[in-house]
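Q: Hello! I have just opened this entry for the first time, and I would like a guided look at one part of it.

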Amino acid sequence: MIDTHCHIDFEEFDDDREDVIKRAKDKLDHVIVSGYSNESNMKVLQLSKDYEGFIYPTFGFHPVSSQNASEEDLKIAHENIHNNLDSILAVGEVGMDYYYVTDKALRERQQEIFKSFLELANEYRVPIVMHVRDCEKKAVNIIEDYDDIPYFVFHCYGGSLKTAKRIMNRDDSYMSFSTMLCYSKHHQDLIEKIDLDYVLTETDSPYLAMTKEERNEPANVVKAVHKIAEIKNMDVSTVDEITTNNARKIFKI
Ligand SMILES: [Zn+2]
């Protein structure tokens with residue numbers, strides 16, 4: 001079992017990160033920590049060195065937190081990806097968020113930044129992990145231009161079933177489902193109809209715990225796998241095997 005997307009570099013884990021990672025190690029094969037900003041990318045890299053072979057990094061530039069980022073910040077993000085290609089599994093999380101960002105100019109800026117990372121992933125031929133919210137259809141149209149990116153991952157996919165079907169038709173694209181499955185009817189309806197050959201599992205820790213007050217952690221990805229098994233009426237071990245193999249194929253771990 002693999003948590004393919006979380007943020008255990010965040011300060012929410014500063015007091016007990018070691019315990020959180022130990023609990024994850026008891027249950028999971030690997031944890032992929034997605035960089036969020038230039039600062040986060042460096043923390044994620046350090047974590048992957050401290051827990052070599054268990055924690056893996058991806059370098060990103062989150063669409064919401066980076067919307068006011070300067071050209072210099074963006075340049076540093078690009079350079080850090082270039083300089084750490086041997087260590088990172090993918091570019092991400094990058095993308096577009098139309099849920100939080102409603103201003104037209106800011107949305108355009110998000111799109112520009114997103115495309116700059118798509119170009120980079122295309123040039124280096126590495127997978128891309130995308131945060132796309134309330135603009136899934138647009139994102140699917142955009143990624144069509146990048147033929148050399150080996151795999152596309154829609155982290156925490158929450159779009160329509162129609163767009164999910166387009167994603168399944170691509171054969172190089174995946175949708176990741178989180179612990180949110182335990183309480184979101186929309187996500188439950190989606191997973192019921194989405195073929196597991198296109199599915200990954202994640203927690204997005206510290207976010208998306210069972211309650212708003214709670215802090216999520218990677219070991220909880222077990223709950224997402226169990227929920228998928230329940231909804232699809234399959235064995236937990238089968239769901240685990242398929243989704244873990246998908247992650248191994250995409251990220252080469
Ligand atoms: Zn995330």
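What percentage of the 253 residues of the chain count as buried? After that, please take me closely through strand β5 (residues 128-133).

A: Happy to help. This is a predicted model, in which local features need pLDDT of at least 70 and side-chain atom pairs count only at pLDDT 80 or more, while totals for chains, interfaces and linings use all residues. Numbering starts from 1 along each chain, following the sequence as written.

To your first question: 47% of the 253 residues count as buried. A residue is buried if 20 or more other C-beta atoms lie within 10 Å of its own, exposed if 12 or fewer, and partly exposed in between, with C-beta atoms placed from the backbone.

The setting comes next. The chain has nine helices and eight strands; these are DSSP runs numbered from the N terminus, with helices (H or I) of at least four residues and strands (E) of at least two. Its radius of gyration is 17 Å, close to the 18 Å from the globule rule for 253 residues, so the chain is as compact as a globular protein of that length. That radius is taken over C-alpha atoms, and the rule is 2.2 Å times the number of residues to the power 0.38.

Now to β5 itself. Six of its six residues are buried, so the strand is largely enclosed by the rest of the structure. In a regular strand, side chains alternate between the two faces of the sheet. Here I128, M130 and V132 point one way, while V129, H131 and R133 point the other way.

On to its partners; two strands pair if DSSP finds at least two bridges between them. β5 pairs with strand β4 (residues 90-97) in the parallel sense over five bridges, and M130 is the bridge partner of V94. Between these two strands the chain passes through helix α4 (residues 104-124), in a right-handed β-α-β crossover. Right-handed means that, with the strands pointing away from the viewer, the path from the first strand over the helix to the second runs clockwise.

β5 also pairs with strand β6 (residues 152-155), again in the parallel sense, over four bridges. There, I128 has F152 as its bridge partner. The chain goes from β5 to β6 through helix α5 (residues 136-143), and this β-α-β crossover is right-handed.

I128 and M130 also belong to the largest nonpolar core, which has 70 residues; they are among the members that touch the most others, as are V91, F117, V153, Y174 and M175. Such a core is a set of buried Ala, Val, Leu, Ile, Met, Phe, Trp, Tyr and Cys residues joined through C-beta atoms within 7 Å. Helix α4 gives the largest share of this core, five residues.

Finally, look at H131 in β5. The unreviewed UniProt entry annotates H131 and H155 as "binding site". The two span 25 residues in sequence, yet their C-alpha atoms are no more than 5.7 Å apart, so they gather at one spot. UniProt positions follow the numbering used here, feature names are shortened, and annotations may be inferred rather than shown by experiment.

H131 is buried, with 23 other C-beta atoms within 10 Å. Beyond residues up to four places away in sequence, H131 touches H62, P63, E93, G95, D97 and H155; a contact needs C-beta atoms, placed from the backbone, within 7 Å. H155 lies in β6 and is buried with 25 C-beta neighbours inside 10 Å. Leaving out residues up to four places away in sequence, the contacts of H155 include V129, M130 and H131.

Conventions: Two residues are in contact if their C-beta atoms, placed from the backbone, lie within 7 Å.
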